[in-house]
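Trainee: I have a structure open in front of me and would like to learn how to read it. Could we go through a few features together?

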Amino acid sequence: MDTPSYEKKITPRATDYSEWYLDIINVAELADYAPVKGCMIIKPYGYALWERVQEVLNIEFKKKGVQNAYFPLLIPEKLLKREKDHVEGFAPEVFMVTHAGGEKLEEPLVVRPTSETIMYEVFSTWIHSYRDLPLLINQWANVLRYEKKTKPFLRTSEFLWQEGHTVHKSIEEADDFARQMLAVYEKFFREYMAIPVVMGTKSESEKFAGAHSTYTCEAMMQDGKALQISTSHNLGDNFARAFNISFTDENNQPAFPFQTSWGLSTRSIGGLIMSHSDDKGLVLPPQMASIQVVIVPIFNTENKEEILNFAEGLKNTLIENDIKVSVDSRDLRPGDKYFTWEKKGVPLRIEVGPKDIANNQVVCARRDTGEKSFVKIEELTSSVKSLLENIQKDLYDRALERRIQKTKSVDSYDEFKFAIEEGNFVLAHIDGTAETEKLIKEETGATIRCIPFDTEEDTGICIKTGKASSRRVLFAKAY
RNA sequence: CGGGGUGUGGUGUAACGGCUAACAUGCUUGUUUUGGGUACAAGUGACUCCGGGUUCGAAUCCCGGCACCCCGACCA
């Protein structure tokens, strides 16, 4: 049989991983390029993923007592300059508004690259007493950073995120909260996106501009590269001092509070795409999919109405059980529809035709494995639920297994270079200096992704300098 | 921001400096078909990324810009 040519192709992962990623976004209709450099249009099917992120995280944040608020997009330039490290970190990538109303502005306005400065300026007027603490605020917003090299979702000049900002009376409390929020992210990635992440602390050179310490969730993509998929910062009292946020404590003494900020962006959607998808298209975990089940009715002219009615009945049953389901009633051949939904990563496909109705069953086909099974109508809901649960679990397990297989512990620089070149996460000793870190990056392209929380004390010697080291850190090439 | 590459209907491609820019697919209509991309017919759809230049003549050559892709440096 001739292989027909179709309008959209998918480059296999083995041929060109990057090209494959772009093709998936295209065929699954997640995003389009915009007529502005480095910016993208998030199409409805892609935006539904972001809405799901918002839906789940809002619930988790509120459990922690965090409230949503909104601050302006534009920041007076002088505010951005208030904290020294912060401005140095962000200055090269800010967009600046210099004109408005046809005239030059007295003071340029910065388009927020992040909102610490404008929020904290305001926090200083909100906080007076220890009774005002902790202050727990989150905002859903877009931010802009001028980026030289962009890639849809993973790095765009404008991106969507949530940024949480909290203020606490002690550094211990702030640090604990920053870690709690990191754990919220970890849980979200595990239970919803089916992405296993490594939690840890960023090295000095990788930490956030102006932070006391930065905690991170690092995920491994299918090519072995790391993606920093969310971060949480303990800001210490650096910003409180810079923005003059102070409060009177229980002993009637003035004090500076301690702050955190934490964020998760549309980059995570890029991580989601790369984690599970295959050469046939997108693969979505059921917990993230806006369509969890697609029903493909198989009919001919005579039985069309009967089959469609039957399919609608199945749909209603599933909807009543909180399953997100859609019937593809288009007048196309079944194979055509299978390809459509395969590309879009719908976790489960139900085929229903005359033979099935006669046998009181349907055919269920898993997107992730292609595995087909017959399901009795009476057991439809329970079977679909358990299939979706299995898909969710298997996607996570496969991603975890892949990461375990591709995480190497090495003790020499030669082994290190080889393991990095092969596309692994590499656990190795380093002397802990920024110079050595930089040297390793220059020579191998690998950076310290984090000092994982779960590594034990393990004395050894630095793979590069031979100096003493007390613990292994995680290296990888990163997106 | 340096080095390299690409830019043609919605999508994937073709066209020596020379006919009305071609083919496939999509989309629309009709008939047919429907358990992994049915078949046929008719129709639809492109200032060949933008702006200059060279030329009798430019999708094609040159210059500039923009966007995208790859490799570096920089960053969520």
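Mentor: Gladly! Keep in mind that this is a predicted model. Let's begin with the RNA: α1 (17-27), α10 (334-343), α11 (354-359) and β18 (361-366) each contribute at least two residues to the surface near RNA strand B.

Trainee: Which element gives the most to that surface near RNA strand B?

Mentor: That is α10, with seven residues.

Trainee: And which residues come nearest to RNA strand B?

Mentor: A residue counts as near if its C-beta atom, placed from the backbone, lies within 6 Å of the strand. Here 47 residues surround RNA strand B, and Lys37, Arg333, Gly335, Gly353 and Lys355 come nearest.

Trainee: How do the residues of this surface divide into nonpolar, polar and charged?

Mentor: The surface near RNA strand B has 19 charged residues, 15 nonpolar and 13 polar.

Trainee: Now for burial. How many residues of helix α8 are buried?

Mentor: For burial, count neighbours: a residue is buried if 20 or more other C-beta atoms lie within 10 Å of its own. In helix α8 (residues 267-276), 10 of 10 residues are buried, so the helix is mostly covered. Among them are Arg267, Ile269, Leu272, Met274 and His276.

Trainee: What about sheets? What is the strand order in the open sheet of three strands?

Mentor: For a sheet, follow the pairing from strand to strand. The order here is β4-β6-β5, paired antiparallel. β4 (74-76) and β5 (95-100) are the edge strands, each pairing on one side only. From one strand to the next, the twist averages 45°.

Trainee: How many bridges join β5 and β6?

Mentor: Five bridges, in the antiparallel sense, pair β5 with β6 (residues 103-111). For one example, find His99: its bridge partner in β6 is Lys104.

Methods: Residues are numbered from 1 along each chain as its sequence is written. Chains are lettered from A and ligands numbered from 1 in the order in which they are written. This is a predicted model: local features need pLDDT of at least 70, side-chain atom pairs count only at pLDDT 80 or more; totals for chains, interfaces and linings use all residues. Helices (H or I, at least four residues) and strands (E, at least two) are DSSP runs, numbered from the N terminus. Ala, Val, Leu, Ile, Met, Phe, Trp, Tyr, Cys and Pro count as nonpolar, Asp, Glu, Lys and Arg as charged, and the others, Gly among them, as polar. A residue is buried if 20 or more other C-beta atoms lie within 10 Å of its own, exposed if 12 or fewer, and partly exposed in between; C-beta atoms are placed from the backbone. Two strands pair if DSSP finds at least two bridges between them. Axes are lines fitted to C-alpha atoms, for helices over the stretch in contact, and angles run from 0 to 180 degrees between N-to-C directions.
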